[in-house]
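Please work through the exercises below with the sequence and the 3D structure at hand. Each task is followed by a solution that goes step by step.

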Amino acid sequence: MLYLLDYGAGNVQSLANSIKKLGFDFKWVKHPDDINTADKLLFPGVGAFGPAMESLRRQGYAEPLKEYIASGKPYMGICIGMQALFEGSLEAPNVPGLGVVPGTVGKFSSEEASGARKSVPQMGWNVAKVIKTTDGEHDENSVEYGFPSPEQAVAHYYFVHSYRVAFDPEKHASWALTTTQYGSEVFVSSIQKGNVFATQFHPEKSGRAGLEVLRAWLSRDGQSVGLTRLIADPHEVAKPAGSDGLTKRIVACLDVRSNDDGDLVVTKGESYDVREKQESPKVVTAGPSSGGNSGQVRNLGKPVELAQRYYLEGADEVTFLNITSFRSCPLKDQPMLSLLELAAATIFVPLTIGGGIKDTVDPDGTPRPAKEVADAYFRAGADKVSIGSEAVYAVEELLSRAGEGIYDPKRAPDSALSGATGIETISKGYGAQAVVVSIDPRRVYLAEGESAPEAHAPCVVEGLKGSEDEGKRWWYRCTVKGGREERDIDVVQLARGVEKLGAGEVLLNSIDRDGSNKGFDRQLIDLVRSSVNIPVIASSGAGNPTHFTDIFEPKPLKPLNLVNDDDGAGPPPPSSVEAALAAGIFHRKECTIQEVKDELLRKGFKIRSEVV
Ligand code: 1PR
């Protein structure tokens, strides 16, 4: 019997769904004795190394796990389930690992020797280069464990991690099965020796390529095949190539809310106003409408059906946003939970859920802290949660604790961190990579000769020559409650603040561009890109495939003119975002995800080409 070890954190549901989809049966480990009973054991680890190891020990799983591995029965680990096999991790220096594999897990550096910077965590699709095979003659051209042979097309797998095992040819040649390059760092992306197989990437989130890896391991009866023959010189493998294999990600976004009949629908607005425009009487609305004289909520389809379509069409990620979460949204009876469960049963790429990830209270008065709300979404099949309004409040609080005259949250002392915000508690439990912050900025135009408030001076931009904005100046103010309320904080402050609090990614919307089809707001995106080292998803305004190639084109970023910014890092080199999100063009079938990817490929960008 196959057993799955759930130590109580992260999205294990996706893996369970993948196993079911592949036609296999399993049981959950509920007691340490189950580990001895298992014929096959799979340890999916999402989260952070420290809490994972501590939880394993607390529940009495660590020793049985080591004994199980020593017994020779098949073990597969995923992500933390791979890292746990090493001696320890920089993520939690005082917490020992299982010590099955020599070496320690280190952290990606955002500073490259070339002076370039890369985002940490690595989030996205990268290639896994197979470096060894069996010694048998029969399988000369095939690679075991579900990877395509090197002669076949390149397969991409989904990675989401800040910590990695740097490939050391002396230490890891007998263990490493595949290696992967991120920036200039070559790391171990899967290991195999005897009965032990483990991947740093998430096969359950890697589309068809990932399902093949799972299928290969699940289909093996009893004995594992030992891979011994190296097909690449480990010293050559350790040398980084000119560029890594990370692809640009295309994210399909579904804004979800109840329509006037109470049905949960995918909607789409213009500048966040999701109601149909009515001809007469003429209504002028600025920003989201609360109804009034506007028409019905636009209905662009059923959430799960649309999400499945995008998965099949090759979306690299799918995001669901509950856009009316500013209303009371108790966790109990939360319809987004069952929606997510249904979606996760058939969609095998990462799913993000946003809207209402905050401290809530159930109708019976039971308080539900943000972490508990996130727990429920992860259990339902989410891989990341996206936090909007609460992130703004958290950074405001951080700045107020930092003291007078500190406008840049990065300069706030660590003592200003409360440790109690949703970003902090979720990031601590699940790792930064599981926490996205969704930003809803709106331009604030400045009159001729007018200056922005001192705190927002680094955030002022000028319209580009020849563009419709020529001659204008503005800064980007953050909003909450889906643009309904403006706050005295700008995008740079918010992005830097949430990075300090422990967010792993920024989803950068633009209320001005939302639904406009005019293209992404490059100035906004470059401003935020140059402010943080975490990945940024460009959002709002995509109208055709060229808008995606434009936003991915690396450009020199202007240094931020931040008050008290003395980190001496100098101007960042040319760069661009790693992901772009669109909604309207896909919902209205104005262009397909494949057409976007074809255009990216034509312009020389790396993409994940698999269509399921
Ligand atoms: O504040 O944590 O409860 O989260 C609420 C979430 O709902 C936030 O992520 C916020 O961005 C989102 N939201 C709230 N109101 C709206 C609205 O549209 N009325 N949607 C809304 C945000 C922006 C994108 C959109 C892109 C691309 N929508 O999600 O998909 O702009 O659109 P396009 O390609 O058609 O231009 P909390």
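The exercises that follow treat a buried residue, a pair of helices and a nonpolar core.

This is a predicted model, in which local features need pLDDT of at least 70 and side-chain atom pairs count only at pLDDT 80 or more, while totals for chains, interfaces and linings use all residues. Residues are numbered from 1 along each chain as its sequence is written, and side-chain values use heavy atoms, with hydrogens and water left out.

**Exercise 1.** Determine whether Ser189 is buried or exposed.

Solution. Begin by locating Ser189 in strand β13 (residues 185-193), where strands are DSSP runs of E with at least two residues and helices are runs of H or I with at least four, numbered from the N terminus. Buried means under 20% relative accessible area and exposed over 50%, with partly exposed in between (1.4 Å probe, protein chains only). Ser189 has 0% relative accessibility and therefore counts as buried.

**Exercise 2.** Describe how helices α11 and α13 pack.

Solution. The axes of α11 (residues 370-380) and α13 (residues 422-430) are 8 Å apart and form an angle of about 45°. Because of this angle, α11 is oblique to α13; angles under 35 degrees count as roughly parallel, over 145 as roughly antiparallel, 65 to 115 as roughly perpendicular and the rest as oblique.

**Exercise 3.** Find where the largest nonpolar core lies.

Solution. This core, a set of buried Ala, Val, Leu, Ile, Met, Phe, Trp, Tyr and Cys residues joined through side-chain atoms within 4.5 Å, has 130 residues. Helix α12 (residues 389-402) gives the most to it, with seven residues. Domain 1 (2-237) and domain 2 (249-440 + 480-602) both contribute residues, so the core lies between them; the domain bounds come from an automatic or database domain assignment.

Notes
Axes are lines fitted to C-alpha atoms, for helices over the stretch in contact, and angles run from 0 to 180 degrees between N-to-C directions.
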